[in-house]
Each structure stands twice: as C-alpha cells, then as structure tokens.
Amino acid sequence: MTVVSAVARHRHLKHLYLREAYACADGGEVILDWLNPESAPKLTSRVISTAPSPTADIATVSDALVEPASDTPVESASEVAETAHIPVQVDVDASEPFTDAVVAPAETGSSGSAQRPSGVVLILPGLTGDSSRNYIQGLAQTAQEYGYTAVVLNYRGCAGSLKTPKTYCAADTTDIANVVQHIRAKYPEVPVLAIGISLGGVLITNYIADCGKKSTETGLIGAMVVSAPWNIVLASEVLEQPVNWYLFNRILARDLCKNVNRNAEILRPVFDITQLDNVKTIRDFDDKYTAKMFGYTDVNAYYASATLHTKVGHIKTPVLALNAADDVFSPYEGIPKKEASENPNLCIVVTSHGGHIGFLEGWNAFGKNYVERLFAQFATTMFDNYKQLRDQKSEEPAGAAEELPASVILLQ
C-alpha cells in the first residue's frame, strides 16, 4: 500500500492555497499554505506576493497563491518514500524574494471582514513533505469539504529557501508552538485541530506531550496522528534492513541531503556540507547533521529526545493515532499499547494492513482512503462537540462549582 498509494494517488487541489510567510522570532521562516472554503474559490490568480502581517486577516491582505501542477508525472516506484512529490507550479520564480504583487481580496460579509471559519485544521507533513504531496492535498480537501479551513505548515526550507542556518527536527516543536499561537491570535474564538503525518505526527505528539509535562495549554482541542513511529530507535533499525533500505531509507536520506545542499550557502558557515557526501541512511544523516545542528551529543541522544514511546503519560490533549501493523516506519513492536491503554486521552487504532501513509480502500486507488474517512469522522466529532461544550458552559450560572472538560471524544 505504501508503494501503490504513492505512485497512483495523484491529487490536485480544486482551489488554490493562500500562501503566508510566517516570520519566526529567530529570523527564520515557515510557509503556511491556507485552504479556506470561504475565500479560496473566489481567488483565481496565481502569484507570489508580499507575506501578510502576522496580525492581519489572511483573507483581506496580499496573499501568495500556489497550485499543484496538473501534468507532472511521478518519476518511478523508487521515488515513493514519503509518497510522490508533486511540484508546486507558480507564475514566478519561488526562489526569488516575495514581490509586491497584489491579489483580489476574498469576498467579505457585511462587516467588511472575511467570514470566520467554523474550525481550523493544522496539517503537518512527513519528513521531506510539503503542501503539494498527494496525502496532504487529500486531507486539505477533506477539511474543505466539511467546511473547515485547512492550513499546512511547511517546515523550514521545505517550501522556499532558508532564512537562517536552522532547519527542523523531530524533537524541536518551537515552530509548531508559535504557529498554533499565530492561528489562535488570528481566530481567537475558533477551535483548532491538528493532524500530523509520519514525522508530522511525531512533532505534534511531542508538542502535546511537552505541554502536558509543563502543564501548559496546547491551543488545540485535539490531534490525529497517522503513521507516526512511536519508537524511533526501533524504526531506524527496521528501516536499515536491506529491502527497506533500498525502497525507502536511501531515498529519504538522499532527499534530506538535497535539502541541505540546496541551502548550502546559508548553512555552510555553521556546518561542513562535505560531511554528507557519504550519507546512505536516515540514521547517518541524523548523526552527521541533525544531532549536531540541534546540539545533541550524537544521534542516540537525539533519538532519545525525539521518541514518543516514553512520553505517553504526558499526553493530556485528546489524540487519535492511526498505525498499520505492516508499516516498516513504525514497527508494531514499538507501539506503546499498554501505556496507551492506561491513558484516557490517547487512542491508538492499529489496522492489519495499510503500509506507511497508505490505507487504501477498495479497488480505486484514486479515491478517498481510510485516513481521510477516519479524519473526517474525528474532525466533525471534535468540532461539533466543542460547540456543544462551549454553548453548555456559557449557559452555566456564575460560580458553578464543576468545570467542564476542555474536550470530550464521543465514541459511536
């Protein structure tokens, strides 16, 4: 399913992303691609423009629009790791600085502001992924179909050039925390739900666990995690087996090195690029680059910091995790089943088959898959339940002794 879903499921957005360049406090930049059911259908130009202010409404300022190319074939089955990459097509060179081009604002209501969404879905891609990947497009369009605004967080350097000599890793959740805060500032009354795929699942779970450990708010009503490796050390060992190395590991390692080399000019002052010349595995890359970039003594220290199976007890925000028993990226033996059974905030669903980000259903590989179907059920349940809790809490008399929980999962 990993292979078939990658080479067969060519997804193309029905509407355009609204691109926002979010400036981080350290001078870095992450790209946020918005798919808003209220505004996207009304915007047809494909330009790159000045990024909106973090405090401005995305639908009423100059936004950058990107559209996945409709005629770009997948190269071959050997390119399937993290699923096929469909390049983003724009009318100007995406490597150039944002221009001052302006696009027409979205249609607004009588108050002059864009209609507030009923819910925002934050989507986090896999290891080398971005908003153009077919599995990300499928989730964004599913959110759109149900009336929610989707926003894809493209990690540093994955949708444009780096602004500072810092990339991303599975243990660094600083950018996620800032983006969640940014979304909440933009829509303070709108519930936010997250879904992370593979590495994205590791990141969002680490973020939630870190907030739980510190007893701080996540800003999320819940999260869904798909194909996340729970035990990163074990996953690394399985991926280095000969067949898995040939099909997946070497491809991802090569793509990771390409991302570094593409940003060599800004990274070279702090990192010796030549150290990556002989990298053959993800573990090699993490040992020679990621661990050093983020201040770990070695790859073992980095993996110990990033792995999830030791942090289940800190998860205090509702999380629905989907894994497949035949996923080489997340070995069944590494899934913390006992620990999860002791935490009412975590539900791990394990299917017999599904591969890595595959989960195909029926004979039509081009149709919706189990991930999108389960995500739609989870999202609507969480958002609908949020409204019920909010309305019920607002009707409570002042000084009510019992507080309502922040969110409740309804199982049907």
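Good morning. Y302 is buried, and so is Y303. I open with these two tyrosines since they introduce the theme of aromatic rings, to which I shall return. Please bear in mind throughout that the model is a predicted one.

The rings of Y302 and Y303 lie with their centres 5.4 Å apart and their planes at 45 degrees, so this pair counts as tilted. A pair of aromatic rings is described by the distance of the centres and the angle of the planes. In this structure the count of aromatic pairs comes to eight. Another of these pairs is formed by F248 and F329, which are edge-to-face, at 5.5 Å centre to centre and with 65 degrees between the planes. Where in the chain do F248 and F329 lie? F248 belongs to helix α6, residues 242-262, while F329 sits in the loop between β9 (319-324) and α10 (337-341). The pair therefore links distant parts of the chain, 81 residues apart. F248 counts as buried at 6% relative accessibility, and F329 is likewise buried, at 7%. There is also an aromatic cluster, made up of F271, F285 and Y289.

Let me now set out the chain as a whole. Its secondary structure comprises 11 helices and 10 strands. The chain has 412 residues, and 54% of them are buried. Among contacts with a separation of 6 or more, 77% are between residues 24 or more positions apart.

I turn next to the packing of two helices, α3 (residues 174-186) and α4 (residues 199-214). Their axes come within 9 Å and cross at roughly 75 degrees. An angle from 65 to 115 degrees counts as roughly perpendicular, and α3 is therefore roughly perpendicular to α4. Which residues make the contact? On the α3 side they are I176, A177 and V180, and on the α4 side L203, I204 and Y207. By class, six residues of this contact are nonpolar, with no polar and no charged ones.

Just before α3, T173 occupies the loop between β6 (149-154) and α3. T173 is buried, with a relative accessible area of 12%. Beyond its neighbours within four places in sequence, T173 is in contact with L203, N206 and Y207. The C-alpha atoms of T173 and D210 are 8.8 Å apart, although 37 residues separate them along the chain.

The next topic is the nonpolar cores. In soluble globular proteins, nonpolar side chains tend to be buried together. The largest nonpolar core here has 74 residues, and L122 and I204 touch the most other members. Helix α4 gives the most to this core, with eight residues. We have already met I204 in the contact between α3 and α4. Leaving aside neighbours within four places in sequence, I204 is in contact with L124, I176, A194, G196, L220, A223 and V225.

A second core, separate from that one, holds 31 residues, including A143, V371, F375 and F383. One of these, F375, is also touched by T142, as are K368, E372 and A376, not counting residues up to four places away in sequence. T142 itself is placed in helix α2, residues 134-145. Is T142 buried or exposed? T142 is buried, with a relative accessible area of 1%.

Thank you for your attention.

Definitions and conventions. Residues numbered from 1 in each chain as written. Predicted model: local features only at pLDDT ≥ 70, side-chain atom pairs only at ≥ 80, totals over all residues. Heavy atoms only, no water. Axes fitted to C-alpha atoms, helices over the stretch in contact; angles between N-to-C directions. Helix = DSSP H or I, 4+ residues; strand = E, 2+ residues; numbered from the N terminus. Parallel < 35°, antiparallel > 145°, perpendicular 65-115°, else oblique. Contact = heavy atoms within 4.5 Å. Nonpolar A, V, L, I, M, F, W, Y, C, P; charged D, E, K, R; others polar. Core = buried A, V, L, I, M, F, W, Y, C linked by side-chain atoms within 4.5 Å. Buried < 20%, exposed > 50% of the residue type's maximum accessible area, 1.4 Å probe, protein only. Phe/Tyr/Trp six-rings, centres within 6.5 Å; stacked < 30°, edge-to-face > 60°.
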